[in-house]
Amino acid sequence: MIQKTLPIGIDDFKKIVEEDYYFIDKTEMIKDLLTYKTEVTLITRPRRFGKTLNMSMLRYFFEKTELNHHSLFQNLKISKDEDMMKHCGRYPVLFLTLKDVKCNTWQETYQKIKGLIIDEFTKHDYLLEGDILKSTEKKYYQRVLDNVMTLSDAEETLKKLSCYLERYHKEKVIILIDEYDTPIDSGFHSGFYEPVVSFFRNFFSAALKGNSSLKLSVLTGIIRVSKESIFSGLNNISVFSVIDEDYCQYFGFTQDEVTQLTKDYDCQQHLPQIKTWYNGYQFGDLEIYNPWSILNFLRKKCVYMPYWVNTSSNLLIHKLLKRLQKEQTQALKSLLEGSSIETIINPEITYKDIEENHYNSSHIYSFLLACGYLKVQEKKLQGGKWKVKVKIPNEELYSIFEDEILTSLHENLYSDQLLHFLEALLQQETQTIKQFLEQLLLESISNFDTLERFYHGLMLGLVVSFREYYQIRSNRESGEGRYDLMLLPKEKEKPGILFEFKIKEATETLEHAADRALKQIQEKKYDTELLQAKVSYVIKYGIAFDKKKVAVKVKQTILQS
């Protein structure tokens, strides 16, 4: 059996179909949109869960063009519904994807947005022919094409272009806006929040509120920011977040879809572990797999590792975590242990709410949920708000949680003590290391924090402060396995440091568990990567934990000259 190429990083529906990439059919989303008859639909999902590909699919289905796109949907689920297929290629479509509008200034952002608008006007410049447009409308159209439009001109572009298109085609217009919140996120972090919010408030209001030329509109993003008044007064908008059941099966992969994938790529034997690593997201009442991770896992010939990494969408989360209260830090650590946390989720959280009320834990969990770090385990509507239990979804997220969340909890903490801790590591002072860790555990954890991943995350949070001197690597392959933690020196005269962590088993002593950890480093040749980097020497630590007690064993390997 010839396996199709996996569409990793490809979000153009036409390219995937015409070039015969592997495609999981989500076309029934089109039927839902037309059946619900909601004029404006906003769907929020974490990054890399198929938002842009689905928007591309909608564009090719609805868009009226000289080329007939019916063939793209041949043999797909939607093609079996004759009534739905009557809508294929019927409407003028305006499509803007804002996912790449990530700029450091409002001026750069505004220029990029205008560039996208100009592209849409250029695509429909046939409107300038004949007498469809009045002379004043042609002048406006030309100002847009020449990029001499005023700010108010730009804010009215989608509304006016949809009006012109309806007049020409005698069909109402479909407006698709992908990743609407990307420039708003950049504006918040880069200091131009007010102008970007002001622009989009007017831009969306003109296009989506009271636009008689609008058939329907779909927007996607990571979070909903309605309280920012971006969608002020829009009583025709329906919002579907990860908590809602509608559209839940169209973003990410379902269990049936992943089962079929493993059959098609001859790796059914991996299905149980795939479930442990990449399943566990909860959209509505449906359990969902991370599509980006599944596709990369298959491309890498079934290598288990975290493929879903974070970008700028979580800068605010990292800032907030550094300012947490002690009890908030404890709660997040309990997540890493595998526990769930009960909280109120606000699907309409705002950037200002988060920044100004960082002491409010529900804001943090709402953001973590929207960005894909957490899943809803249980939920109930209480007083108009969702009261939920949230937890970390899977092994991939535990790893990412350690690398990108827990590290933030320890940055800038115990700065003097951490320098002494680093010195003790370099000097191999096992008793000092033991005392430091036991004191830290005594002050910061409960006797229930006993899973290895918790201690791993705790150690990762400590050594992240050494980034000035070391590259910090966690759970990477080296030699014949995957080490727990490695410090790769930026200067070769400094030693490399390896850590392996163990939980004391009932039938052994703490010292024996530390010896077992050290022996694993030796037997699995975890120092291969460090030796290849030609560091001066390698310090190997086997560290064992038993609740608040620690044992430390060390061995040094000198690189042969």
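Let me begin with a term: a residue counts as buried when its relative accessible area is under 20%. With that cut-off in hand, Thr-109 is buried, because its relative accessible area is 0%. I should say at once that what we have here is a predicted model, and I will keep to what can be read from its atoms.

Staying with that residue for a moment, Thr-109 lies in helix α5, and, if residues up to four places away in sequence are not counted, Thr-109 touches Val-101, Cys-103, Pro-183, Phe-192 and Val-196.

That leads to the helix pair. Helix α5, residues 106–123, packs with helix α10, residues 193–208, at an angle of about 25°, and their axes are 10 Å apart. Since angles under 35 degrees count as roughly parallel, α5 and α10 are therefore roughly parallel to each other. On the α5 side the contact is made by Trp-106, Thr-109, Tyr-110, Ile-113 and Ile-117, and these meet Pro-195, Val-196, Phe-199, Phe-200 and Phe-203 in α10. Sorted by character, the residues of this contact of α5 with α10 comprise nine nonpolar, one polar and no charged.

Now to the nonpolar cores. The largest has 85 residues, and those with the most contacts inside it are Leu-58, Phe-73 and Leu-374. Apart from that core lies another, of 45 residues, which includes Leu-42, Trp-106, Ile-118 and Tyr-180. Returning to the largest core, which residues is Phe-73 in contact with, leaving aside its neighbours within four places in sequence? The list for Phe-73 runs to Phe-13, Thr-27, Ile-30, Met-57, Tyr-60, Phe-61, Ile-78, Ser-79, Met-85 and Cys-88.

One of those partners, Ile-30, brings us to helix α2, residues 28–36, whose buried residues are Met-29, Ile-30, Asp-32, Leu-33 and Leu-34. These buried residues of α2 pack against β1 (40–44), α3 (51–62), α4 (82–85) and β4 (214–221). Just after α2, Lys-37 takes a positive phi of about 55°.

Finally, a hairpin, where another lysine has a positive phi. Strand β16, residues 537–546, and strand β17, residues 549–558, run antiparallel and are joined by ten bridges; for Gly-542, to take one position, the bridge partner in β17 is Lys-553. Two residues stand between the strands of this hairpin, and Lys-547 has a phi near 55° there.

Conventions. Residues are numbered from 1 along each chain as its sequence is written. This is a predicted model: local features need pLDDT of at least 70, side-chain atom pairs count only at pLDDT 80 or more; totals for chains, interfaces and linings use all residues. Side-chain values use heavy atoms; hydrogens and water are left out. A nonpolar core is a set of buried Ala, Val, Leu, Ile, Met, Phe, Trp, Tyr and Cys residues joined through side-chain atoms within 4.5 Å. Buried means under 20% relative accessible area, exposed over 50%, partly exposed in between (1.4 Å probe, protein chains only). Contact means heavy atoms within 4.5 Å. Axes are lines fitted to C-alpha atoms, for helices over the stretch in contact, and angles run from 0 to 180 degrees between N-to-C directions. Helices (H or I, at least four residues) and strands (E, at least two) are DSSP runs, numbered from the N terminus. Angles under 35 degrees count as roughly parallel, over 145 as roughly antiparallel, 65 to 115 as roughly perpendicular and the rest as oblique. Ala, Val, Leu, Ile, Met, Phe, Trp, Tyr, Cys and Pro count as nonpolar, Asp, Glu, Lys and Arg as charged, and the others, Gly among them, as polar. Two strands pair if DSSP finds at least two bridges between them.
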